Amino acid sequence: MPAELSVNLNAVAMLRNRRDLPWPSVVDMGRIALRAGAHGLTVHPRPDQRHIRFDDLPALRQLIDEEFPQAEFNIEGYPTEAFLRLVAASRPEQVTLVPDAPAQPTSDHGWDFVADQDMLKTVVAQLKAQGARVSLFADAEPSVMPAAAATGAERIELYTGPYGATFEDPAAAVAEVERLGQTADAARAAGLGVNAGHDLTVANLPALVARIPDLAEVSIGHGLTADALEYGMAETVRRFRMALGQQAG
Ligand SMILES: CC(=O)[C@@H](O)[C@H](O)COP(=O)(O)O
Ligand SMILES: NCC(=O)COP(=O)(O)O
């Protein structure tokens, strides 16, 4: 089965947060994404709320419950007490735990599954008891997959940032994909399902899914939002010209 697509709304929220106005609306963009066939929505609330705000979560939960009951809500983040309270209130189908420091500009590494083993075991058990599937953000390192599985999580999410950074270097891209593939092989052998995310694009997805054919899910925000702007710009300019009374061309 092809990998499912979860649309990350952080970039939409960041654009909205430039002004004290409600657009672009994360709920409206989420609805468009789900109507277009996305499998789910991802948010990564950070403590300073610079992207998704905590009060976005109830409205996204309501969107899924009322209009797309088959869709999945995936909440990503570092398991502080505040994050865990947010998750408990939002009833996500999946929680992706990410070892981000509060002020980190974006996610840039996976868990240390040995050093953080005890904490992860406790949090994973707590989240599973609430009915969420748990995925753990992971570097492309096959040797640590048994330790990842020992936490009790069902999946890992491969951190694909280094792969995304090879967009001008095809040879490096091949090497990164192979390393991700070997990590996915080790995860599968340890009983884990495999998600992937960070800097994935239309250009770099095909090689990834060719190497990891059983990839369960990709969560994509930055590249997908950039494409939405690029491919939506022409129609939007036409609408604004119409509003000005110009002849639509
Ligand atoms: C875990 C991961 O790779 C994503 O959540 C990424 O951090 C996107 O979040 P931002 O768009 O807030 O950087
Ligand atoms: N988990 C990765 C994610 O949700 C989106 O990351 P990006 O596409 O914004 O880099």
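These legends go with a handful of close-ups of a predicted model.

**View 1. The surroundings of ligand 1.** Here we zoom in on ligand 1, which has 14 residues around it. The closest are Asn10, His44, Thr106, Ser107 and His198. Polar residues account for ten of the shell, with three nonpolar residues and one charged residue making up the rest.

**View 2. The surroundings of ligand 2.** Ligand 2 sits among 13 residues, and Asn8, Gly197, Ser219, Gly221 and His222 come nearest. Strand β8 (217-220) and helix α10 (222-243) each put at least two residues into this shell. Sorted by class, the shell has eight polar, three charged and two nonpolar residues.

**View 3. The "active site" residues from the UniProt record.** The unreviewed UniProt entry gives the annotation "active site" to His44, Glu76 and His198. These residues are spread over 155 residues of sequence but cluster in space, with a largest C-alpha distance of 12.2 Å. Glu76 belongs to strand β3 (residues 72-77). There are 27 other C-beta atoms within 10 Å of Glu76, so this residue is buried. Leaving out residues up to four places away in sequence, Glu76 touches Thr42, His44, Thr96 and Val98; one of these, His44, shares the "active site" annotation.

**View 4. A closer look at His198.** His198 sits in the loop that runs between β7 (193-197) and α9 (205-211). With 25 C-beta neighbours inside 10 Å, His198 counts as buried. Setting aside residues up to four places away in sequence, its contacts are Ser107, Tyr159, Thr160, Gly161 and Gly164. Both His198 and its contact Ser107 are also listed among the closest residues to ligand 1.

**View 5. The "binding site" residues from the UniProt record.** Arg46, His51 and Thr106 carry the annotation "binding site" in the unreviewed UniProt entry. They span 61 residues in sequence, yet no two of their C-alpha atoms are more than 10.6 Å apart, so they gather at one spot. Arg46 is in the loop between β2 (40-43) and α3, and with 22 C-beta neighbours inside 10 Å this residue is buried. Thr106 is in the loop between β4 (94-97) and α5 (117-129); with 14 other C-beta atoms within 10 Å, Thr106 is partly exposed.

**View 6. Helix α2 packing against helix α3.** Helices α2 (residues 26-35) and α3 (residues 57-67) pack at about 35°, and their axes are 9 Å apart. The crossing is right-handed. From α2, Val26, Val27, Gly30 and Arg31 meet Ala59, Leu60, Leu63 and Glu67 of α3. That contact has five nonpolar residues, two charged and one polar.

Conventions. Residues are numbered from 1 along each chain as its sequence is written. Chains are lettered from A and ligands numbered from 1 in the order in which they are written. This is a predicted model: local features need pLDDT of at least 70, side-chain atom pairs count only at pLDDT 80 or more; totals for chains, interfaces and linings use all residues. A residue is near a molecule or strand if its C-beta atom, placed from the backbone, lies within 6 Å of it. Ala, Val, Leu, Ile, Met, Phe, Trp, Tyr, Cys and Pro count as nonpolar, Asp, Glu, Lys and Arg as charged, and the others, Gly among them, as polar. Helices (H or I, at least four residues) and strands (E, at least two) are DSSP runs, numbered from the N terminus. Axes are lines fitted to C-alpha atoms, for helices over the stretch in contact, and angles run from 0 to 180 degrees between N-to-C directions. A crossing is left-handed if the near helix is turned anticlockwise from the far one by less than a right angle, and right-handed if clockwise. Two residues are in contact if their C-beta atoms, placed from the backbone, lie within 7 Å. UniProt positions are given in the numbering used here, feature names are shortened, and annotations may be inferred rather than shown by experiment. A residue is buried if 20 or more other C-beta atoms lie within 10 Å of its own, exposed if 12 or fewer, and partly exposed in between; C-beta atoms are placed from the backbone.
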